[in-house]
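Please read these notes with the sequence and the model open beside you. They are numbered so that each can be checked in turn.

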Amino acid sequence: MRSNPLSADPPQATVGERALGALLGTFVGDALGMPWEGAPVDSIPAVLEMKGARLGRGTYTDDTQMTIALAESLLRCDGVDEEDLARTFVAHHDPHRGYGVGTTRVLAQLRAGTPVAEAARQAFAGRGSLGNGAAMRVAPVAVRFFEDEVLLDAQARRSARVTHAHDVAIDAAATQAAAVAAALDGREPLEAATRTARTDAMRAALDEAAERTAAGLDPGALAGGDGTVPALAHPSVAAAVVAGARCGRFEEAVEVAVRAGGDTDTVAAMAGAIAGARFGNGAIPPRWLEALEDGERGRSHVEAQAGELAARALAAVAGAPTGRKVR
């Protein structure tokens, strides 16, 4: 895998095309990586194509399902409303999509009536999850608030707290959101991510991933000493940010993320969001887009969500009303 010098991308694609790229990139990375989650690294092919797994070829996991739910809540409330977001996650929870144990536990707490402010801690004996579930779904927040770094950071962290109470997991979601937003705006994603990270763990993970891949981006360097990318928030977000920021084409970003092994669907979904925002939806191979499921909440639905979120972001920049005021 070749790597590009670290620099901002020229604004060749429109904001609308980059917004489509961010959300469809999430979907593509998720579907492409799903069959290889937890597989031996040496069994993952160098050239990837959509392959049948779990619910079939081109289908999504909990990563995209929760991304869609977050986008729906954002559009309904024009900002992150924790109560509405929690209800939306619960309403659309489909265990066949491969939800992790931790998120399933939090959703069960919410379904049982545990207050939103307490559910994420109670599900983990007061500590909160260190998983990457909040980061994997955050791309819609980045699209909606990409032009306002302060508001983006606050909204990303608020979206995370519905299911993740651990400081590092929350920080990872904000870091991923900053990278996607920077890419969408033609700025450098890794620089934005590094500037956004607050916790020592997230900063160290970004620094280490950048240092490991300085000589060239390959799956082994992206994975690091453990051999694969774990589902923990900070190493997986760091891997996704580096892949999404440094690869010269969309395909390279998601392929290197999958070939690094481990939590392949989630890391590829996050890398796909960043690379899609950098290059726009036109850079995603048509054969991959055409393979995506397109039912009631499939590809066409995601495209419509991306368009509306981008329109509201641009309306906010222009000072036009966008709907309900965000907090």
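1. How many aromatic pairs does the count come to? In this predicted model, the count by the rule used here comes to 2 aromatic pairs. One of them joins Phe 27 and Tyr 60, whose ring centres are 5.3 Å apart and whose planes stand at 75°, and because an angle over 60 degrees counts as edge-to-face, the pair is given that name.

2. It is worth asking what this pair links in the chain. Phe 27 belongs to helix H1, while Tyr 60 is found in the loop between H1 and helix H2 (62–77), so the contact ties together parts that lie 33 residues apart in sequence. Phe 27 and Tyr 60 are both buried.

3. Tyr 60 has a further neighbour to look for, since Arg 97 lies over the face of its ring, at 4.0 Å from the ring centre. A second arrangement of this kind involves Arg 105, whose charged end sits over the ring of Phe 124, 5.1 Å from the centre of that ring.

4. Helix H1 itself runs over residues 15–33, and its 19 residues reach 26 Å from the first C-alpha to the last, which is close to the 27 Å expected. There is nevertheless a bend of about 25° at Leu 24, and H1 is mostly covered, with 16 of its 19 residues buried.

5. Finally, please look at the cysteines, remembering that the structure holds 0 disulfides. Cys 77 is buried, with a relative accessible area of 4%, and Cys 247 is buried too, with a value of 0%.

Methods. Residues numbered from 1 in each chain as written. Predicted model: local features only at pLDDT ≥ 70, side-chain atom pairs only at ≥ 80, totals over all residues. Heavy atoms only, no water. Disulfide = S-S within 2.5 Å. Buried < 20%, exposed > 50% of the residue type's maximum accessible area, 1.4 Å probe, protein only. Helix = DSSP H or I, 4+ residues; strand = E, 2+ residues; numbered from the N terminus. Expected span 1.5 Å × (residues − 1). Bend = angle between axes of the 7 residues up to and from the residue. Phe/Tyr/Trp six-rings, centres within 6.5 Å; stacked < 30°, edge-to-face > 60°. Lys NZ or Arg CZ within 6 Å of the ring centre and 35° of its normal.
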